[in-house]
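Please open the structure in your viewer and keep the selection panel at hand. The tour below proceeds one selection at a time.

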Amino acid sequence: MRGFYIGRFQPYHAGHHHMVEEIAEQVDELVLGIGSAGDSHTPRNPFTAGERVMMVTKSVAEFDIPTYVVPIEDLDRNSVWVSHVQSMSPAFDVAFSNNPLVIRLFEEAGVEVRQSPMFRREILEGSELRERMIDGEDWDSLVPDPAAAVIKEIGGVERIQQVSDTDGAGDT
Ligand SMILES: Nc1ncnc2c1ncn2[C@@H]1O[C@H](COP(=O)(O)OP(=O)(O)OP(=O)(O)O)[C@@H](O)[C@H]1O
Ligand SMILES: NC(=O)c1ccc[n+]([C@@H]2O[C@H](COP(=O)(O)O)[C@@H](O)[C@H]2O)c1
């Protein structure tokens with residue numbers, strides 16, 4: 001059985017990693033979708049699809065399961081989004097998500113969806129991580145080591161600080 005799990009992974013953090021660990025116990029192969037793949041260099045979406053591919057690929061290497069990492073751009077049309085995902089991904093039998101819209105769209109398309117409990121959500125949340133980077137607070141203990149190394153390699157903290165340091169830069 002092959003599973004599918006999509007997130008923006010801005011950045012890929014220990015909550016996502018915990019969810020992947022749980023999914024890996026339920027499926028034989030896994031597809032990880034890099035959502036909003038066209039977005040980067042903003043306070044809410046600082047990292048490119050390619051950078052997120054690196055964070056995810058290097059982090060999940062510790063799990064003993066074949067994993068495909070597939071960037072997926074957003075569409076203006078929710079009603080056909082599942083078809084779009086299916087056109088970009090290896091075929092999958094079950095989708096994993098805690099996102100209400102994603103769950104609804106997959107279920108309406110007849111795809112089985114499994115949810116898992118949030119893991120330490122009070123700190124393991126992308127927006128919390130991005131605020132910590134902007135404020136110069138500890139963040140690297142909250143992401144898998146390989147993802148932290150990628151963020152450091154690309155100057156990710158300097159980037160998010162710089163793109164957040166303008167009038168009207170928007171929410172993180
Ligand atoms: N701490 C967590 N434990 C388990 N699942 C999580 C956790 N954080 C996010 N998820 C789930 O992972 C998927 C991808 O989430 P996403 O990439 O939006 O991360 P996020 O932490 O919610 O980021 P943001 O704050 O940027 O929206 C969603 O289904 C989300 O519910
Ligand atoms: N119409 C669309 O393009 C559409 C619909 C539902 C989810 N998505 C994407 O799927 C991803 C879902 O991930 P999150 O759970 O991290 O929000 C996001 O990148 C989101 O933009 C896109």
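This is a predicted model. Begin with ligand 1 and display the shell around it: helix 1 (14-24) and helix 5 (126-135) each supply at least two of its residues. Helix 1 provides the largest share, four residues. Of the 19 residues around ligand 1, those that come nearest are G7, G15, N98, L124 and G126. Colour this shell by class, and five nonpolar, ten polar and four charged residues will appear.

Next, select ligand 2. Its surroundings comprise 13 residues, the closest being G7, G35, S36, D74 and N99. Strand 1 and helix 4 are the elements that give two or more residues to this shell. The most, three residues, come from helix 4. By class, the shell around ligand 2 contains six nonpolar, five polar and two charged residues.

Now select helix 4 itself, residues 100-108. Which of the residues of helix 4 are buried? They are V102, L105 and F106. Turn the view to look down the axis of helix 4: the buried residues fall within an arc of 95°, so they line one face of the helix. On the other side of helix 4, P100 and E108 are exposed.

To see what the buried residues of helix 4 pack against, add strand 1 (2-7), helix 3 (81-88), strand 4 (94-96) and strand 5 (112-114) to the selection.

Finally, move just past the end of helix 4 and select G110, which takes a positive phi of about 80°.

Conventions
Residues are numbered from 1 along each chain as its sequence is written. Chains are lettered from A and ligands numbered from 1 in the order in which they are written. This is a predicted model: local features need pLDDT of at least 70, side-chain atom pairs count only at pLDDT 80 or more; totals for chains, interfaces and linings use all residues. A residue is buried if 20 or more other C-beta atoms lie within 10 Å of its own, exposed if 12 or fewer, and partly exposed in between; C-beta atoms are placed from the backbone. The arc is that of the directions from the helix axis to the C-beta atoms. Two residues are in contact if their C-beta atoms, placed from the backbone, lie within 7 Å. A residue is near a molecule or strand if its C-beta atom, placed from the backbone, lies within 6 Å of it. Ala, Val, Leu, Ile, Met, Phe, Trp, Tyr, Cys and Pro count as nonpolar, Asp, Glu, Lys and Arg as charged, and the others, Gly among them, as polar.
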